[in-house]
Amino acid sequence: MENRSSIFTITNSSSFEIRNIEDEIIEWVRNNITRNTEKVFLQTIDKGTNFVPHVDPITPSKQVRHYNLMYLFETGGENVETCFYETPPDTLEKCAERGIYKIPYSDVKLISKFVFEKNTWNVMNNQCIHSVEGITGKRMGLSVSFYNKIPPDFLKSFISI
Ligand SMILES: [Fe+2]
């Protein structure tokens, strides 16, 4: 579990850390959720009060995390809100050109916000501009990333059609 992969800091002193996890957990995700996820890791925000509006950046290997299935073990506080903002269609491309993925609060318009509960699965669109607000403690959870679209076997597990 001490296999630290990377730490990002996005203003307001919030730090975002990604750690690799045990193969057994990855195997459980593959057997019970989807065999088509490129990345399963533990993500933590443990400093600061908020995580400013942004779209998830293009990775060094040129991948884009479009969706993220999260299971929070720690929420980061009593009423931590994940906020989503109006996102012009070319936002990611413009951010990629500038190499800056965080967006000033003055440039965004809030469209919805959610409190992601502890021990609950939530899926979110990481290319919609989003922020995390009201952090008072450690926020930590399992993250299953989808770099393209949500895979059909995942949809079958969670949505009955
Ligand atoms: Fe994000």
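Is N119 buried or exposed, and how many other C-beta atoms lie within 10 Å? This tour of a predicted model comes back to that residue at its last stop.

**The sheet.** Start by selecting strand 4 (50-54) and strand 7 (110-114), which stand at the edges of the sheet. The sheet is open and has 4 strands, in the order 4-9-6-7 with antiparallel pairing. Each of the two edge strands has a single partner strand, so one side of each is left without a neighbour in the sheet. Look along the sheet next: on average, its neighbouring strands are turned by 20° against each other, direction ignored. Strands of a sheet pair through backbone hydrogen bonds, either parallel or antiparallel.

**Strands 6 and 7.** Now add residues 81-85, which form strand 6. Strand 6 and strand 7 run antiparallel and are joined by 4 bridges. To find one facing pair, select T82 and F114: T82 stands opposite F114, which belongs to strand 7.

**K62.** Move to the loop between strand 4 and strand 5 (67-75) and select K62 there. Most residues other than glycine have a negative phi. K62 is not a glycine, yet its phi is positive, near 65°. K62 has 8 other C-beta atoms within 10 Å and is exposed.

**N119.** Finish in the loop between strand 7 and strand 8 (121-125), where N119 lies. N119 is another residue to check for its backbone angle: its phi is positive, about 55°, although N119 is not a glycine. As for the opening question, N119 is exposed, with 9 other C-beta atoms within 10 Å. A residue counts as exposed if that number is 12 or fewer.

Key. Residues are numbered from 1 along each chain as its sequence is written. This is a predicted model: local features need pLDDT of at least 70, side-chain atom pairs count only at pLDDT 80 or more; totals for chains, interfaces and linings use all residues. Two strands pair if DSSP finds at least two bridges between them. Axes are lines fitted to C-alpha atoms, for helices over the stretch in contact, and angles run from 0 to 180 degrees between N-to-C directions. A residue is buried if 20 or more other C-beta atoms lie within 10 Å of its own, exposed if 12 or fewer, and partly exposed in between; C-beta atoms are placed from the backbone.
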